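This briefing is meant for a reader who is meeting the structure for the first time. Please keep the sequence and the 3D view open while reading, and look up each residue as it is named.

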Amino acid sequence: MQTKELMLQAEKNRKRLVEIVQIAKAGHIGGGLSSMNMLTALYFHVMNVDPKNPKWEERDRFVMSKGHCVEALYSVLEHKGFITKELTDTYGEFDTPLAGHPTIEVAGIEVNSGALGHGLPIGVGMAIAAKMDKKAWRTYVLMGDGEQGEGSIYEAAMAGSHYKLDNLVAIIDRNGLQISDTTENVMALESIEARWSAFGWDVQEINGDSMEEIVAAFEKIDYNCGKPHLIVSRTTKGKGVSLMENILKWHHGVPTADEYKEAIAEIDARIESLTK
């Protein structure tokens with residue numbers, strides 16, 4: 001897809017995310033909205049995947065380490081064709097396979113995730129496996145910035161560098177807020193670029209609210225450089241719904257009926273603008 005098409009797809013995905021949370025009356029909407037541009041770029045532009053053959057051996061692998069934002073992933077998987085709208089509508093119901101964190105019961109999901117700090121270690125293992133099997137597929141891991149306080153992240157960072165995993169791309173959704181406060185008040189992370197560069201990673205910092213910068217970042221990656229890659233994606237929590245943007249309480253929350261109408265109207269206006 002071209003950049004404008006990706007922007008349009010991201011808005012459609014964003015609208016569906018709001019719908020999913022509203023139907024289920026539950027969801028981590030703020031971090032889902034902030035990561036939606038990145039998820040859209042991954043599934044509709046970057047990764048080599050086949051919705052008709054979810055277990056295709058040569059597919060790229062994706063791990064959603066910030067698994068509590070799974071509603072955003074469900075929206076993307078639905079629009080990509082891995083799951084149906086009818087299935088997505090069951091999220092939050094009794095006995096549905098769509099849990100509040102990713103599970104392998106759902107087509108297109110590689111691993112159960114959401115215990116924060118586990119996604120990158122799993123991704124390192126996947127990337128090592130691809131190297132050992134001399135396979136061309138790549139592994140992409142989306143982390144939250146709140147989970148950067150977990151020690152397992154940095155063990156994985158050392159391993160990724162040690163094993164020269166240039167087939168691994170980690171992304172931090174750097175929206176600056178976590179469940180209880182700003183990340184810098186809970187556990188200061190800056191300078192992220194200096195920290196990860198010191199671990200031996202190839203690091204880029206971008207505006208993750210900009211689809212142009214996301215696309216450009218992936219185009220810059222050298223998958224033969226002998227280093228794992230990190231994209232620090234600086235985003236806005238609640239991106240695309242003005243009443244939620246940069247507001248801590250929307251880490252987890254369900255819009256009221258009036259808030260829902262306002263959010264959908266705002267997104268619909270952008271969709272209309274992008275289709276002209």
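The points below go from the overall dimensions to the sheet, then to the side chains and the backbone.

The model is a predicted one, and its secondary structure comes to 11 helices and 5 strands. The 5 strands form an open sheet with parallel pairing, in the order β1-β2-β3-β5-β4.

**Overall dimensions**

- The protein has 276 residues, for which a compact globule would have a radius of gyration near 19 Å, and the value of 18 Å found for the protein agrees with this.
- Taken along the principal axes, the box filled by the C-alpha atoms is roughly 50 × 45 × 40 Å.
- Of the 276 residues, 55% count as buried.

**The sheet and its edges**

- Strands of a sheet pair through backbone hydrogen bonds, and the pairing can be either parallel or antiparallel.
- In this model the pairing is parallel, and the strand order is β1-β2-β3-β5-β4; β1 (61-64) and β4 (202-207) stand at the edges with a single partner strand each, so one side of each is left without a neighbour in the sheet.
- From one strand to the next, the twist averages 15°.

**Strand β2 and its partners**

- The edge strand β1 is joined by 4 bridges to β2, which spans residues 139-144, and the two run parallel.
- Along this pairing, V63 has V141 of β2 as its bridge partner, while M64 stands opposite L142, also in β2.
- Strand β2 also pairs in the parallel sense with β3 (residues 168-174), over 6 bridges, and T139 stands opposite L168 of β3.
- Between these two strands, the chain leaves β2, passes through helix α7 (residues 151-162) and arrives at β3, in a β-α-β crossover that is right-handed.
- Strand β2 is mostly covered, with 6 of its 6 residues buried, and this holds for both of its faces: T139, V141 and M143 lie on one side and Y140, L142 and G144 on the other, all of them buried.

**Strands β4 and β5**

- The other edge strand, β4, is joined to β5 (residues 229-234) by 6 bridges, and these strands run parallel.
- In this pairing, D202 stands opposite H229 of β5, and the chain crosses from β4 to β5 through helix α10 (residues 211-220), making a right-handed β-α-β crossover.

**Aromatic rings and charges**

- The structure holds 8 aromatic pairs, one of which joins Y74 and Y91: their ring centres are 5.6 Å apart and their planes stand at 65°, so the pair is edge-to-face.
- This pair links distant parts of the chain, with Y74 in helix α4 (residues 70-80) and Y91 in the loop between α5 (85-88) and α6 (119-132), 17 residues apart.
- Both Y74 and Y91 are buried.
- Ring pairs also link Y154, W196, F199 and W201 into a cluster.
- Two charged side chains can be examined over rings: the charged end of R138 sits over the ring of Y223, 3.6 Å from its centre, and K80 lies over the face of F44, 5.0 Å from the ring centre.

**Backbone details in the loops**

- The peptide bond from E190 to S191 is cis, with omega near 5°, and S191 lies in the loop between α8 (183-186) and α9 (192-198).
- K25 is not a glycine, yet it has a positive phi of about 60°; this residue lies in the loop between α1 (3-24) and α2 (29-34).
- With a relative accessible area of 52%, K25 is exposed.
- N246, in the loop between β5 and α11, also has a positive phi, near 60°, in a residue other than glycine, and N246 is exposed, with a relative accessible area of 52%.
- E245 lies in the loop between β5 and α11 (257-274) and counts as partly exposed, at 28% relative accessibility.
- Although E245 and K15 are 230 residues apart along the chain, their C-alpha atoms are separated by 15 Å.

Notes
Residues are numbered from 1 along each chain as its sequence is written. This is a predicted model: local features need pLDDT of at least 70, side-chain atom pairs count only at pLDDT 80 or more; totals for chains, interfaces and linings use all residues. Side-chain values use heavy atoms; hydrogens and water are left out. Two strands pair if DSSP finds at least two bridges between them. Axes are lines fitted to C-alpha atoms, for helices over the stretch in contact, and angles run from 0 to 180 degrees between N-to-C directions. Rings of Phe, Tyr and Trp (its six-membered ring) pair if their centres lie within 6.5 Å; planes under 30 degrees apart count as stacked, over 60 as edge-to-face and the rest as tilted. Buried means under 20% relative accessible area, exposed over 50%, partly exposed in between (1.4 Å probe, protein chains only). A charge sits over a ring if NZ of Lys or CZ of Arg is within 6 Å of the ring centre and within 35 degrees of the ring normal. A crossover is right-handed if, with the strands pointing away from the viewer, the path from the first strand over the helix to the second runs clockwise. The radius of gyration is taken over C-alpha atoms; the globule rule is 2.2 Å times the number of residues to the power 0.38.
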